[in-house]
Amino acid sequence: MLERLKTIEQRSSEIGLQMSDPAVISDRPRFQQLAKAHAELEPVVDAFQRHRKLLRSQEETKTLLHDGVENDVRELAEAELEELAIKLEKLEDELKLLLLPRDPADEKSIILEVRAGAGGGEAALFAAELVRMYTRYAELHGWRVEVLSASQTGVGGVKEAILGVEGRGAYSRLKFESGVHRVQRVPVTESSGRIHTSTVTVAVLAEAEDVEVQIDPKDLRIDVFRSTGPGGQSVNTTDSAVRITHLPTGMVVTCQDEKSQHKNRAKAMKVLRARLLDAATAEQAAEISQTRRLQVGTGDRSERIRTYNFPQGRVTDHRIGLTLHSLPRILEGELQELIDALVASDQAERLKAVV
């Protein structure tokens, strides 16, 4: 590990020198590329330098003990050695985490898809609550949320909603939300007070760049039609809605929220690119999962990951066995405790795989 850390430190130093070169400074794209690489290495280098400083202090203290000091000084030195050993162990754990292979999609913005599942109108109502929950979470992080497509029920519910969440690190924080979310509560329309169980599926896709997903225009069938609202009534008098079919995979994306056909097409293409990238990534993950299965689950859309129990005011994440009695706060977008626990579980599992 130390040799790898030395290599990273040297690389960081080399990048720093390149960034001070006037020719590089004048080349904005090149400078930004180097600045990003330097920023990614900085936490590792900082931790390594702190580790080296602690080792130096440890050696100096050991030398002091070997020199034969008085009892009171010896006690102080031994206590300091114990403290240094604890700090070193903690810092070594931090370095192991920093050296774990990073998901290349972690810094990306996302496409968030929420769909009502089993439970009819109650599922649609809960889907709307999840859309609001994720929107609030994004707002708390200063991310920008854009509705790419939405199909509503007319009574406040959502059959399907596709959101674009733009912000650095959005994927790293929300990627574990993919799966089936189950809600248990008494519906407003239920006169007997019987608890009803409904489900909503969530898909989190890393936003794809044009260079990552090459789409041949010949592989697309594009249909245009008039937008419709709840109940099928016409919303627009022009053919502004767009349906794009990717012929090789059969994927279909529809967008009708904008009055402009051009804007709807652009939004639909953004969703299609993200889905194609997700499909390719899922294929790679399937190969990896044959040798290693993440503790936080496979991310499969059919996997039940979480239950929101309204009568007891609790939320349980089944992948890590975590239950929080803070349902109202979570639905207001305060997901951080849940997400931190999922990230920590994933890191622990990946550390096992490399140790």
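This briefing covers two arginines, one sheet and one pair of helices. The model is predicted. Of the two arginines, Arg-319 is buried, while Arg-329 counts as partly exposed. The sheet is open and has 3 strands, and the helix pair is α1 with α3.

**Arg-319**

- Arg-319 sits in a loop, with β10 (314–317) on one side and β11 (322–324) on the other.
- The relative accessible area of Arg-319 is 11%, and buried means under 20%, so Arg-319 is classed as buried.
- The side chain of Arg-319 has a polar contact with the side chain of Asp-317, at 2.7 Å.
- The Arg-319 side chain also reaches a backbone atom, the oxygen of Phe-176, at 2.6 Å.

**Arg-329**

- Arg-329 belongs to helix α8, which covers residues 327–331.
- Its relative accessibility is 41%; buried requires under 20% and exposed requires over 50%, so Arg-329 falls in the partly exposed class.
- The side chains of Arg-329 and Glu-334 are joined by a polar contact of 3.0 Å.
- Arg-329 and Met-133 are separated by 196 residues in sequence, but their C-alpha atoms are 9.5 Å apart in space.

**The sheet of β6, β7 and β8**

- The strands of this open sheet are arranged in the order β6-β7-β8, and their pairing is antiparallel.
- Strands β6 (220–225) and β8 (251–255) are the edges of the sheet, and each of them pairs on one side only.
- From one strand to the next, the twist averages 15 degrees.
- Strand β7 (residues 241–246) runs antiparallel to β8 and is joined to β8 by 5 bridges.
- Ile-244 has Val-253 in β8 as its bridge partner.

**Helices α1 and α3**

- Helix α1 spans residues 2–19 and helix α3 spans residues 28–66.
- The axes of α1 and α3 come within 8 Å of one another and cross at roughly 140 degrees.
- Angles over 145 degrees would count as roughly antiparallel, and 65 to 115 as roughly perpendicular; the angle here is in neither range, so α1 is oblique to α3.
- The α1 and α3 crossing is left-handed.
- The residues of the contact between α1 and α3 comprise 13 nonpolar, 6 polar and 5 charged.

Definitions and conventions: Residues are numbered from 1 along each chain as its sequence is written. This is a predicted model: local features need pLDDT of at least 70, side-chain atom pairs count only at pLDDT 80 or more; totals for chains, interfaces and linings use all residues. Side-chain values use heavy atoms; hydrogens and water are left out. Helices (H or I, at least four residues) and strands (E, at least two) are DSSP runs, numbered from the N terminus. Buried means under 20% relative accessible area, exposed over 50%, partly exposed in between (1.4 Å probe, protein chains only). A polar contact is a pair of N or O atoms within 3.5 Å; within protein, one must be able to donate a hydrogen and the other to accept it, and residues adjacent in sequence count only if both atoms are side-chain atoms. Two strands pair if DSSP finds at least two bridges between them. Axes are lines fitted to C-alpha atoms, for helices over the stretch in contact, and angles run from 0 to 180 degrees between N-to-C directions. Angles under 35 degrees count as roughly parallel, over 145 as roughly antiparallel, 65 to 115 as roughly perpendicular and the rest as oblique. A crossing is left-handed if the near helix is turned anticlockwise from the far one by less than a right angle, and right-handed if clockwise. Ala, Val, Leu, Ile, Met, Phe, Trp, Tyr, Cys and Pro count as nonpolar, Asp, Glu, Lys and Arg as charged, and the others, Gly among them, as polar.
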